[in-house]
There are 2 protein chains.
Amino acid sequence: MRFERVAIVGVGLIGGSFALALKAAGVCAHVVGVGRGAANLESARRLGVIDSIATDPAQAAGCDLVMVATPVAQFERVLSALAPGLRAGSLVTDGGSTKRDVVAAARKALGDKVAQFVPGHPIAGAEKSGAAAAKADLFRDRRVILTPLAENAPADVARIEAAWQACGARVFRMDPETHDEVLAAVSHLPHLLAYALVKEFADRGNAAQLFGNSAGGLRDFTRLASSHPEMWRDICVANRDKLAAELGAFEDRLRAIRPLLEAGDGAALEKLFADARGVREKWLQGGFE
Amino acid sequence: MRFERVAIVGVGLIGGSFALALKAAGVCAHVVGVGRGAANLESARRLGVIDSIATDPAQAAGCDLVMVATPVAQFERVLSALAPGLRAGSLVTDGGSTKRDVVAAARKALGDKVAQFVPGHPIAGAEKSGAAAAKADLFRDRRVILTPLAENAPADVARIEAAWQACGARVFRMDPETHDEVLAAVSHLPHLLAYALVKEFADRGNAAQLFGNSAGGLRDFTRLASSHPEMWRDICVANRDKLAAELGAFEDRLRAIRPLLEAGDGAALEKLFADARGVREKWLQGGFE
């Protein structure tokens, strides 16, 4: 498995790290970076993340692999620009955090070339964004979820899988609906809650007193609130049905906890805390792998 | 400022780190560890956190400084045991995360010796607990909030302040009511939310799928759910009125966000996220110090 020419549309943390990882694995000769931000692309070229720069996704059509790693609301535009020139044998994949909307955009934009699109999502990231945050080992030992289409040739899915494995990732498959449900819970909801809590304190008259007297606990709890606002806007809008359901479930959970608190029911609170701690320790020790 | 004999009642992360920090600063000759867990105390002695072991808080009465760092529900019992033998000139302080209940327990247990008790709370911690987690630099550049009593002699408050400064901490003063309000927001609520989210996922039939497909985001968001259940039970019960108010405010915030999500209002969501990110960056850069 080797690619002569890889295009990265959206050279941020995910796209840039994918490029670096493929290069580090020696499976890619040349990387074209495609994007809107000239400064970010220049920085990416200077850092060796990409080898050349293009501004129009259409210029990526001649590459044998195209990774779309823009915010998900841009996928239809990007893939529409790419479609006319896309050669048979070229593959397109993505790093989008939602999959139902990405698949719908691909069907609409790529038409009868949709079989060349293998959707994917690396379960890795950080609150940092931009090409400067990219690193070759971002995906090492991380999960990547592919949500293949019925139209995909098994050999094409296998090539994308092999590309991710070259990046050090463990590849799993899921249908887009299940993917979006699972990620709404374990990723999208925590992001929304982190943003909400910071905004709640920020809007108060004593915001300086609150943040000034906080420590590492609040800092880690709200780390996700430093994530890229446009990217997370797109994710929340694309996955709003599943995310609203998760938000509702969490609100129900809080409503169930409130009476324990108001009654000062120490035994019930301690059981809740001990249960949660036990499950978290099991998870950290690899008990859910 | 120097203490010949310091007693630590509750040799966990906070008490143990206080002992190590005082020793490192060279302001304390001998540390007596007082606690219920023989294994933990033996481990603390082996690690050099304490120099001798006592099992009854009454045995701490002869020390010139007593730090009470047990879960807050034990304060009345500990201080009652300490009171009869407490010498004039000895000082008692604490590391409890709530202050109204601690002050009430101290008044009840110490009676006319309450002037010797200077309440405090180091804004530092970790999800780790026990003497083995203690470290001499835990309080370096961290805030410590003292909530002095009207009965305290200014010179006694100054001695406790100097002890914390010897540990590298920055000392602030606050009244107990304000302390409990601020900490309910920036510490107790995030702990409750972290426990609640882990429990929410743990209770589902697909818990393994959820935790298995999560990454660093959920791990950091839920770090506080690995905190000590008994300690956090006591904090939540002691501060339940303020914490319930914070929980209510957060529920209101989520209720206000829900319609934005359901309507797919990308502009409003992006503004929310960008506002939160901006405030968090300002905070991390020391803008609220």
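**Exercise 1: an unusual loop residue**

Asp141(A) sits in the loop between strand 7 (120–123) and strand 8 (143–146) of chain A; find out what the sign of its phi is and whether Asp141(A) counts as exposed or buried.

*Solution.* Before we start, a word on the ground rules. Residues are numbered from 1 along each chain as its sequence is written, while chains are lettered from A and ligands numbered from 1 in the order in which they are written. What you're looking at is a predicted model, where local features need pLDDT of at least 70, side-chain atom pairs count only at pLDDT 80 or more, and totals for chains, interfaces and linings use all residues.

Step 1: get the elements straight. Helices (H or I, at least four residues) and strands (E, at least two) are DSSP runs, numbered from the N terminus.

Step 2: check the backbone. Most residues other than glycine have a negative phi. Asp141(A) isn't a glycine, yet its phi is positive, near 65 degrees.

Step 3: check the surroundings. A residue is buried if 20 or more other C-beta atoms, placed from the backbone, lie within 10 Å of its own, exposed if 12 or fewer, and partly exposed in between. Asp141(A) has 9 C-beta neighbours inside 10 Å, so it counts as exposed.

Step 4: look at the other chain. Asp141(B) also has a positive phi, about 65 degrees, and lies in the loop between strand 7 (120–122) and strand 8 (143–146) of chain B. With 9 C-beta neighbours inside 10 Å, Asp141(B) counts as exposed.

**Exercise 2: the inner face of a helix**

Name the buried residues of helix 3 of chain A, and say what covers them.

*Solution.* Step 1: run along helix 3 (residues 75–82) and you pick up Phe75(A), Val78(A), Leu79(A) and Leu82(A) as buried.

Step 2: see how they're arranged. Their arc, which is that of the directions from the helix axis to the C-beta atoms, spans only 90 degrees, and that puts them on the same side of helix 3 of chain A. The spacing fits the general rule: an α-helix has 3.6 residues a turn, so residues three or four places apart point the same way.

Step 3: find the cover. It includes strand 1 (3–9), strand 4 (65–68), strand 5 (91–94) and helix 4 (100–110) of chain A.

**Exercise 3: chain A as a whole**

Describe the make-up of chain A: how many helices and strands, and which domains?

*Solution.* Step 1: count the elements. Chain A has eleven helices and nine strands.

Step 2: consider size. The C-alpha atoms fill a box of roughly 65 × 40 × 35 Å along the principal axes, and 53% of the 289 residues count as buried.

Step 3: split it up. An automatic or database domain assignment supplies the bounds: domain 1 (3–174) and domain 2 (178–284) of chain A. Their centres, taken over C-alpha atoms, are 30 Å apart.

Step 4: look at where they meet. Two residues are in contact if their C-beta atoms, placed from the backbone, lie within 7 Å. By that rule, 14 residues of domain 1 of chain A touch 16 residues of domain 2 of chain A. The domain 1 side divides into five nonpolar, five polar and four charged residues. (Ala, Val, Leu, Ile, Met, Phe, Trp, Tyr, Cys and Pro count as nonpolar, Asp, Glu, Lys and Arg as charged, and the others, Gly among them, as polar.)

**Exercise 4: two chains together**

Work out which rotation superposes chain A on chain B and which helix gives the largest share of the side of chain A that touches chain B.

*Solution.* Step 1: superpose the copies by least squares on the C-alpha atoms of residues with pLDDT of at least 70 in both. The rotation is 180 degrees with 0.0 Å of shift along its axis, at an RMSD of 0.0 Å. That is the relation of a two-fold axis. In chain A, the C-alpha nearest the axis belongs to Phe221(A), 2.2 Å away from it. The same surface serves both copies, as 100% of the contact residues of chain A recur in chain B.

Step 2: size up the contact. It takes 73 residues from chain A and 74 residues from chain B. Helices that each supply at least two residues on the chain A side include helix 7 (207–212), helix 8 (216–221) and helix 10 (240–262) of chain A. The largest share, 16 residues, comes from helix 6 of chain A.

Step 3: sort the chain A side by type, and you get 42 nonpolar, twelve polar and 19 charged residues.
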